[in-house]
Amino acid sequence: MQKLYLFLAVLIVMNLNTYGQYSIPNKTESKQLSLLRQLSAPSIPDVQIPNAAQRRYEREQKRKAHNLLHVKASLGINQYSFKNRNESNYFNGRATFYLKHVYNDLKKFDITTEWDSAYGLGESNDKIQKTEDRFRLTNLINYQLHKRWKYAFNMTLNSQFANSFNSNNPDKVLTSQFFAPATINLGVGITYKVDDKRNFTITPVSGNMTIVRNKYLSSIGGHGVIPNRLGKGNFGASATLNWQQVILKHPKTGGALIDGKIYAYSFTNYEQIPNLDLQAWLNLYVIKYLAINLYAQLTFNDQIRPPRDSFWQFRQTMTISFTYELKTK
C-alpha cells in the first residue's frame, strides 16, 4: 500500500507541474509567442485606391492652381467728351470686353495674356457716329530672376475694329481703320511682379512697328509712316505698367465694392520724345450686375500732328453699365 500511495503522489506532483507550465507561461515565452503570431499572420498594406471622381477632382484642383481666368463684359450708356481731336461732348452707348488668362507653374515660369477692347456709338448732329473703337492684345512671358524680379518677353498689339472719319470735314475723310494703324511692340527686358494683378515691365531692347495697310492713308504718310509705305519700324525701349487694386470690399461677402485699374505704355527710339498711352478705370458696383464706370485716357505722340498743333489727347467717359464678371481666383 505504501508503494501505491507513493506512486499516486508522484503522479499528482507531475500533473501540477505540467498544468503550471502551460497555464502560466513566463514573460519571455509570452513575447516569443506574440512575435511568432505577428510573423505568421499575412500583412495587408493600407492602400487607398482613388476612384474616377477623386482623380477628376485632383486634376481640377491642379488646373485651378496653375491657371487664373478673369472675364469682364459690360454694356452701358455713358457721357462722353473728347478734347483736341474732333471735339465732342454727348451721350452714347458703349460696350467693353476684357479677358485675362495667367498660367503659372508655381515655381519660376508664368505667362499672362490680356485682351482689352471697347466700342461706342453716339448721336451728334443727327448722325450716328463712332465715339470709341479700340482693342489691345498683350502677352507677357516671365521667368524668375530673383524674388519679384523676372526676365521678361513682352508683345503688345494695338488697333481698332472699324473705320474712323474726320467728323469736322463734310467730305467724310477717312482717318483710320482696322490695322491702319496697328502698332506691334516686341521687347526683352525685366519685370517687377508683385502678383498676377500688379507688375511693371521695362524692355531696353524693343522693336516697334507701325502698320498702315490702307493705301490712301499710307500714300499721305498717315500715322507717321513714310509715304507709300505700309509700315514703319523703330528700335528702342518701352515700358509697361499694369496695376489692378480693390479699393473697398463688401463687409459681408468680401467682394469688391470699388476697384481700379491703371495701364500705361511708353516707347522711345532713343532719339525722339517717348510717346505715352495712359488709361485709368474706376468701377463702383451698385448691385451685382449694375456698375458705374469712370474711364480716362491720356495720350501723347509727337509723330502724329492733330488739329490745333497739339500732340496731346484726352478722353473721358462715365458709364452706367450692366456688367458680367467671372473670376477663377
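This report describes the cavities, one pocket, the salt bridges and a nonpolar surface patch of a predicted model.

## Enclosed cavities

Rolling a probe the size of a water molecule over the atoms shows where empty space is left. Across the whole structure, 2 cavities of 30 Å³ or more are found. The largest of them has a volume of about 90 Å³, and 13 residues form its lining. Those nearest the centre of the largest cavity are Glu 114, Thr 138, Leu 140, Asn 199 and Asn 242. Strands β3 (109–124), β4 (127–146), β9 (198–211) and β10 (231–249) are the elements that give two or more residues to this lining. Of the contributing elements, β10 gives the most, with 3 residues. By class, the lining of the largest cavity holds 1 nonpolar, 8 polar and 4 charged residues.

The second largest cavity contains about 60 Å³ of space. Its lining consists of Leu 68, Leu 69, His 70, Lys 100, Lys 197, Gln 244, Lys 327, Thr 328 and Lys 329. Strand β1 (residues 67–83) provides the largest share of this lining, 3 residues. The lining of the second largest cavity divides into 2 nonpolar, 3 polar and 4 charged residues.

## The second largest pocket

The second largest pocket holds about 570 Å³ of space. It is lined by 21 residues, and the closest to its centre are Gly 255, Ala 256, Tyr 285, Lys 288 and Glu 325. At least two lining residues each are supplied by β10, β11 and β14 (312–327). Strand β14 accounts for the largest share, 5 residues. The lining of this pocket comprises 9 nonpolar, 5 polar and 7 charged residues.

## Salt bridges

The count of salt bridges in the model comes to 12. Three of these pairs are set out below with the separation of their N and O atoms.

| Basic residue | Acidic residue | N to O distance |
|---|---|---|
| Lys 261 | Glu 114 | 3.8 Å |
| Lys 130 | Asp 133 | 2.9 Å |
| Arg 134 | Glu 132 | 3.2 Å |

The salt bridge between Lys 261 and Glu 114 links distant parts of the chain, with Lys 261 in strand β11 (residues 256–268) and Glu 114 in strand β3, 147 residues apart. Lys 261 has a relative accessible area of 11% and is therefore classed as buried, the cut-off for that class being under 20%. Glu 114 also counts as buried, because its relative accessibility is 7%. Glu 114 is, in addition, one of the residues nearest the centre of the largest cavity.

In the pair formed by Lys 130 and Asp 133, the two partners fall into separate accessibility classes. Lys 130 is partly exposed, as its relative accessible area is 22%, whereas Asp 133 is buried, with a value of 12%.

Arg 134 and Glu 132 are both buried. These two residues also belong to a network of salt bridges that links them with Arg 94, Asp 116 and Arg 136.

## Nonpolar surface patch

Which residues form a nonpolar patch on the surface? The patch is made of Tyr 143, Leu 145, Trp 149, Tyr 151, Ile 190, Phe 200 and Ile 202, which together have about 660 Å² of accessible area. Strands β4, β5 (149–159) and β9 are the elements that give two or more residues to the patch. Phe 200, one of the patch members, lies in strand β9. With a relative accessible area of 37%, Phe 200 is partly exposed; this value is compatible with patch membership because that requires over 30%. Strands β4 and β9 thus take part in the patch and also in the lining of the largest cavity.

## A loop position

Ala 162 is located in the loop between β5 and β6 (164–165). Its relative accessible area of 24% makes Ala 162 partly exposed. The C-alpha atom of Ala 162 is separated by 5.6 Å from that of Phe 178, although the two residues are 16 residues apart along the chain.

Conventions:
Residues numbered from 1 in each chain as written. Predicted model: local features only at pLDDT ≥ 70, side-chain atom pairs only at ≥ 80, totals over all residues. Heavy atoms only, no water. 1 Å grid on protein atoms, 1.4 Å probe; cavity = no way out; pocket = protein on both sides within 12 Å on 5 of 7 lines; lining within 4 Å. Points joined across faces, edges and corners; volume = space filled by probe spheres on them. Helix = DSSP H or I, 4+ residues; strand = E, 2+ residues; numbered from the N terminus. Nonpolar A, V, L, I, M, F, W, Y, C, P; charged D, E, K, R; others polar. Patch = residues over 30% accessible without salt bridge, like charges linked within 9 Å, V, L, I, M, F, W, Y side chains within 5 Å. Areas by Shrake-Rupley, 256 points an atom, 1.4 Å probe, with all protein chains shown as cover. Salt bridge = Lys/Arg side-chain N within 4 Å of Asp/Glu carboxyl O. Buried < 20%, exposed > 50% of the residue type's maximum accessible area, 1.4 Å probe, protein only.
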